[in-house]
Amino acid sequence: FDPEASWADNANLDQARGLLAPIKEKYGDGLSWGDLFTNAGTLAIQTMGGPVKEFCFGRIDEPDGTGSLDMGPSPQQEKYAPCPVNGL
């Protein structure tokens with residue numbers, strides 16, 4: 001969904017959405033796209049042997065993007081999990 005769908009970092013997200021669409025159709029509104037993408041990514045990292053911390057469901061999709069955060073770290077991330085180089 002826009003605005004996130006138009007961000008350069010999400011250029012191939014339509015392909016992932018196509019692969020995950022049958023799962024979304026199965027669970028409908030009971031599973032948000034945000035949770036589905038995040039869970040799929042978490043499981044991919046775990047499958048490859050990477051470190052995985054807790055995963056919590058509860059994201060809510062907003063079709064018009066009004067609740068989307070601005071690109072970049074949030075004030076909460078800056079305070080609790082700062083990243084010296086954004087994206088790494």
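A salt bridge is taken here as a side-chain nitrogen of Lys or Arg within 4 Å of a carboxyl oxygen of Asp or Glu. In the predicted model, K24 has no salt bridge although it is buried. The nearest side chain of opposite charge is that of D61, at 4.4 Å; the pair is therefore not counted, the cut-off being 4 Å.

K24 lies in helix 1, which spans residues 13-27. Its side chain reaches the backbone oxygen of L31 at a distance of 2.5 Å. When residues up to four places away in sequence are left out, K24 touches D29, L31, S32, W33, L36 and D61. L31 thus appears both among the residues touched by K24 and as the owner of the backbone oxygen reached by the K24 side chain.

The chain as a whole contains three helices and zero strands, arranged along the sequence in the pattern α-α-α. It has 88 residues, of which 11% count as buried; K24 is one of the buried residues. Of the contacts between residues at least 6 apart in sequence, 42% join residues at least 24 apart.

The accessible surface of the chain amounts to about 7000 Å², and carbon and sulfur atoms account for 57% of this area. I45, M48 and V52 form a nonpolar surface patch of about 290 Å². Within this patch, I45 is located in helix 2, residues 33-47. I45 is classed as partly exposed because its relative accessibility is 39%, a value between the limits of 20% for buried and 50% for exposed residues.

Notes:
Residues are numbered from 1 along each chain as its sequence is written. This is a predicted model: local features need pLDDT of at least 70, side-chain atom pairs count only at pLDDT 80 or more; totals for chains, interfaces and linings use all residues. Side-chain values use heavy atoms; hydrogens and water are left out. Helices (H or I, at least four residues) and strands (E, at least two) are DSSP runs, numbered from the N terminus. Buried means under 20% relative accessible area, exposed over 50%, partly exposed in between (1.4 Å probe, protein chains only). Lys and Arg count as positive and Asp and Glu as negative; His and the chain ends are not counted. A polar contact is a pair of N or O atoms within 3.5 Å; within protein, one must be able to donate a hydrogen and the other to accept it, and residues adjacent in sequence count only if both atoms are side-chain atoms. Contact means heavy atoms within 4.5 Å. Patches are made of residues with over 30% relative accessible area and no salt bridge: like charges are joined within 9 Å, nonpolar side chains (Val, Leu, Ile, Met, Phe, Trp, Tyr) within 5 Å. Accessible areas come from the Shrake-Rupley method with a 1.4 Å probe; for residues, only the protein chains shown count as cover.
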